[in-house]
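Let's take a walk through this protein together, one piece at a time. Have the picture open while you read.

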Amino acid sequence: MSEVVFLSNTNIQIASGSAAGDGVRVSKLISSPLPEGAVLNGVVMDQDRLIEALKLAWQANKLPSKSEVTLIINSPQLRANRVDAPLIADKKTSEFIERETHDSEYGRFQNPVTGWYVVGKDAKSKTQRVVYETAEIDFVNKYVDIFNKAGLKINGIHNGVQLATEYFTKQATGKTILYMILDGKSLVTIFFAEGKYYYDSTSRVFGQPGTPEFAREIYASISSIRQFISAQHLTETVKDILFSGLTFSQVNQLANDILNIDSTADISMAQPPQGTSLNANDQAQFPFFVYPIAGLRRIDERLPILKNTKEASKKKKEQGFMSKLIVPFILILVAVLIAYGVCYALKFKKESELKDIESYINNQSTKERIAEYDAMYDNMAEMGEIQGGADLLRKDLDSYPIPDSSINNRILEASKKHDVSVEFNSYSASTGVFSITASSPEVEDINMFIADLMSMDIFENVDYTGYALNSDETRWQINVVCTLAGNEPAEEEVN
């Protein structure tokens, strides 16, 4: 029996149980409140409040003390990706993953650590499908320290989206299907085409479940997957959508609202995959506990990120200890050699030369020049600091975005491309936010127009909400909020 803890932005979810073959046997599902702002997108914002919340969850639900738990989080600080690697020894596989991902992943972190596990093998092509997870060493160690202070020990840490993907893989065999998992305001979308995993994404949802606005946001996510299918030149069509994170009545309401937009979309409640054993009382809770339940499954973990973190931390300490031993020894040796050389040279110097040197050093004129030099040096350092501040100010001013006519032209070009009408509403100079209204008889045209905006380097962020029909119900309208990206300062020419 083991416990899996999933930290969302609003609560602590705990699944007690064990792996059973390819499935899981769940004995208890627990949801405990998490103080607001304690954890944000998997990043700990208030360590003390999280520790107290974990203690309270364990005490209130009478869970085993000194438990060893698996931690599941969804966070940009714990990145998880897939790669096809050759069937080679584990050590060489680790080296292969590091080479393949060094530029794309390691550049995002200062002190990264990576773990990986196998999710499939192809004997014919002699390859293996590997999920690798990368995070900062300090990020992992911080969670280990937090759970230790709560009286718990972490025996594993994983990305929840990839575990959920593997959990649903068998259920998706041979099907073209879309899984949607809602956790608070975070919506994860996982796409399978004919049973093969292709894509997952995470987006924010602002509408309340049960409202038309919520349905339109969900439909926008479905449309983005269809755009992905088109871009990949796939022939499959997304019709079946399985939803988690809502009640049965909310899913039914969502299905009806989506049917009013697209009659081909079939939305239903996600069901436990075959091999999942749940108590009768927990059946209705399944859609809200996908991540911790998926964490109970047995995975072929070859290099746990937790183990690699401990080894990296140990190696760093050993290197620091050796540096403390070696550096003083080298400094002493250098000092001895210098002293010997100086003494050897001084032995042959004439007494008169020594007196001349002493006379020059003690000369009042020499001391005055030295004092003058020190004052000039201090003045130059102060001037350098002032110049550096001025350079930074100029860089900040040059990078401030300017909403000139070229911005409008870019937006209008994209709208004409997709037959979308655009109305420019407002611009806030203090925030760099550009507000427009887009309209078109076809929702898909608006979606493609927004996708073009997202790909433009002139915008740092593009948010959209509020699909609605105009008064004569002939055109769809949506509010689009674009945040301008900062300008890259031009590099000065060097003559």
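Before we start pointing at strands, here is a term you'll need: two strands pair if DSSP finds at least two bridges between them. Keep in mind, too, that this is a predicted model.

With that in hand, look at Phenylalanine 243, which stands opposite methionine 269 in strand 15. Phenylalanine 243 sits in strand 14, where it is also the bridge partner of methionine 180. A second pair to find is isoleucine 241 with its bridge partner, isoleucine 267, in strand 15.

Now zoom out to the sheet around these pairs. It is an open sheet of five strands in the order 13-12-11-14-15, and its pairing is mixed. At the edges you'll find strand 13 (196-204) and strand 15 (266-269), each of which pairs on one side only. Neighbouring strands here are turned by 20° against each other on average, if you ignore direction.

Strand 14 deserves a longer look. Four bridges tie strand 14 (residues 240-244) to strand 15, and the two run parallel. Strand 14 also pairs with strand 11 in the parallel sense, over five bridges. Is strand 14 mostly covered or mostly open? Mostly covered: four of its five residues are buried.

Helices come into play here as well. Helix 6 (residues 248-261) lies across strand 14 and strand 15, and runs at about 180° to strand 15. Put strand 14, helix 6 and strand 15 together and you get a right-handed β-α-β unit. Helix 4 (residues 160-169) lies across strand 11 (177-183), strand 12 (186-193) and strand 13, running at about 40° to strand 12.

On to another sheet. This open one has four strands in the order 18-19-21-20, with antiparallel pairing. Its edge strands are strand 18 (421-428) and strand 20 (459-469), and each pairs on one side only. On average, neighbouring strands of this sheet are turned by 20° against each other, direction ignored. Strand 18 and strand 19 (residues 433-440) run antiparallel and are joined by seven bridges. Along that pairing, phenylalanine 424 stands opposite isoleucine 436 in strand 19.

Two helices pack on this sheet, and here is how they line up:

| Helix | Strands touched | Angle with strand 20 |
|---|---|---|
| Helix 5 (residues 212-231) | strand 20 and strand 21 (476-484) | about 125° |
| Helix 12 (residues 443-455) | strand 18, strand 19, strand 20 and strand 21 | about 165° |

What about helix 9 (residues 351-362)? At 1.5 Å a residue, its twelve residues should span 16 Å, and its end C-alpha atoms are 17 Å apart, which agrees. The number of buried residues in helix 9 is zero, so this helix lies largely in the open.

Let's finish with two single residues. Serine 75 is in the loop between strand 6 (68-73) and strand 7 (78-86). Why does serine 75 count as buried? Because its relative accessibility is 8%, and buried means under 20%. Leaving aside neighbours within four places in sequence, serine 75 is in contact with Asn41, Gly42, Val43 and Phe139. A polar atom of its side chain also lies 3.0 Å from the backbone nitrogen of glutamine 77.

Arginine 369, in helix 10 (residues 364-399), is partly exposed, with a relative accessible area of 44%. Its side chain makes a polar contact with the side chain of serine 365 (2.8 Å).

Key. Residues are numbered from 1 along each chain as its sequence is written. This is a predicted model: local features need pLDDT of at least 70, side-chain atom pairs count only at pLDDT 80 or more; totals for chains, interfaces and linings use all residues. Side-chain values use heavy atoms; hydrogens and water are left out. Axes are lines fitted to C-alpha atoms, for helices over the stretch in contact, and angles run from 0 to 180 degrees between N-to-C directions. Contact means heavy atoms within 4.5 Å. Buried means under 20% relative accessible area, exposed over 50%, partly exposed in between (1.4 Å probe, protein chains only). A polar contact is a pair of N or O atoms within 3.5 Å; within protein, one must be able to donate a hydrogen and the other to accept it, and residues adjacent in sequence count only if both atoms are side-chain atoms. The expected span of a helix is 1.5 Å times one less than its number of residues. A crossover is right-handed if, with the strands pointing away from the viewer, the path from the first strand over the helix to the second runs clockwise.
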